[in-house]
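Me: I would like a close look at one part of this model, with its surroundings described in some detail. Please keep to what can be computed from the coordinates.

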Amino acid sequence: MLTVHHLGKSQSERIVWLCEELEIPYELKHYARDPVTILAPADYKALHPIGAAPVITDGDLVLAESGAVVEYIIAKYGNGRLAVRPDHPDFAPFLYWFHFANGTLQAQMGRNMILNRLNLAADNPMLVATKARLDRSFELVNARVRDANYLAGDEFTSADIMIGFSLTTMRYFLPYDFERCPDIKAYLGRIAARPAYRRAMEKGDPGMALLLT
């Protein structure tokens with residue numbers, strides 16, 4: 001049985017959302033963050049040596065890392081859904097945005113979050129440069145979803161699931177105002193309209209306000 005070990009307000013929401021989009025059977029196990037450290041509790045860290053979300057188990061398999069988990073579930077249970085075939089004209093954009101989500105955007109948000117907690121001067125060169133890189137990344141996403149309904153083109157794919165956390169829940173940890181990115185706001189409206197997204201967030205983080213604007 002596929003089990004999604006979901007840590008509240010974490011990247012594991014991607015996996016819950018994926019399973020809901022695919023409409024596959026899965027077990028959802030919830031874990032609350034430590035109220036003092038706001039980190040994963042000991043029983044979650046014990047699931048995998050890296051100690052971070054997401055983690056799935058599938059029989060004897062224990063697998064972490066968002067991209068790997070998404071690709072595994074699609075390959076094993078997806079029947080070709082939410083991915084783009086190599087012979088499709090949108091294959092390269094699909095690959096780019098699928099990997100951009102964690103390889104660039106989420107990493108930049110994490111670096112900004114850490115630097116913001118150091119109480120550096122506003123004109124600190126590292127802080128300024130890191131913020132500028134993040135701004136450029138959001139501007140790139142904004143331009144893409146101005147030109148296409150979804151990251152890989154007209155069709156919703158797992159690339160959109162990968163980036164969704166960074167555009168929404170991650171802003172609980174690093175607030176970011178999308179007034180300067182109106183096309184991202186419109187894109188989030190399209191995401192919000194997906195029943196599977198709504199089901200996933202209600203199951204995974206019930207009662208949490210969704211940062212969709």
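With which side chain does the side chain of Arg14 make a polar contact? Please go on from there to the helices and pockets around that site.

Reply: The model is predicted. In it, the side chain of Arg14 makes a polar contact with the side chain of Gln11, at 2.5 Å. Arg14 belongs to helix H1. Its relative accessible area is 0%, and because buried means under 20%, Arg14 counts as buried.

The surroundings of Arg14 come from distant parts of the chain as well. Leaving aside neighbours within four places in sequence, Arg14 is in contact with Ser66, Asn102, Gln106, Ile161, Met162, Phe165 and Ser166. Met162 lies 148 residues from Arg14 along the chain, yet the C-alpha atoms of the two are separated by 6.4 Å.

Gln11, the partner of Arg14 in that polar contact, also leads to the largest pocket. Gln11 is among the lining residues that lie nearest the centre of this pocket, together with Ser10, Arg33, Ala52 and Ala53. The pocket has a volume of about 650 Å³ and is lined by 27 residues. By class, 14 of these are nonpolar, 8 polar and 5 charged. Helix H4 (residues 91–116) supplies the largest share of the lining, 4 residues.

Met162, in contact with Arg14, is one of the buried residues of helix H6. H6 spans residues 158–167, and 10 of its 10 residues are buried. These buried residues pack against helix H1 (13–22), helix H3 (66–77), H4, helix H5 (125–147) and helix H7 (182–192). At the start of H6, a side-chain oxygen of Thr157 reaches to within 3.1 Å of the backbone nitrogen of Ala159.

Thr157 also lines the second largest pocket, as do Leu82, Ala83, Val84, Arg85, His88, Asp90, Ala152, Gly153, Asp154, Glu155 and Phe156. The volume here is about 160 Å³. The lining divides into 5 nonpolar, 3 polar and 4 charged residues.

H7 is one of the helices against which H6 packs. The buried residues of H7 are Asp183, Ile184, Tyr187, Leu188, Ile191 and Ala192. They pack against H1, H5, H6 and helix H8 (195–204). Tyr187 touches Val145, Asn149, Tyr150, Leu151, Asp160, Ile163 and Leu167, not counting residues up to four places away in sequence.

Tyr187, Ile163 and Leu167 also appear in the largest nonpolar core, which has 55 residues; these three, with Ile73, Phe138 and Ile184, have the most contacts inside it. Strand S1 (2–7), H1, H3, H4, H5, H6, H7 and H8 each give two or more residues to this core. H4 gives the most, with 8 residues. A second, separate core has 7 residues, including Tyr31, Ala40, Tyr44 and Ala64.

H4 also holds a polar residue, Asn112. At 2% relative accessibility, Asn112 counts as buried. Leaving aside neighbours within four places in sequence, Asn112 is in contact with Thr130, Lys131, Leu134 and Leu174.

To return to the site asked about: Arg14 is buried, makes a side-chain polar contact with Gln11, and is in contact with residues including Met162 and Phe165, both of which are buried residues of H6.

Key. Residues numbered from 1 in each chain as written. Predicted model: local features only at pLDDT ≥ 70, side-chain atom pairs only at ≥ 80, totals over all residues. Heavy atoms only, no water. 1 Å grid on protein atoms, 1.4 Å probe; cavity = no way out; pocket = protein on both sides within 12 Å on 5 of 7 lines; lining within 4 Å. Points joined across faces, edges and corners; volume = space filled by probe spheres on them. Buried < 20%, exposed > 50% of the residue type's maximum accessible area, 1.4 Å probe, protein only. Contact = heavy atoms within 4.5 Å. Polar contact = N/O pair within 3.5 Å; in protein donor to acceptor, adjacent residues only side chain to side chain. Core = buried A, V, L, I, M, F, W, Y, C linked by side-chain atoms within 4.5 Å.
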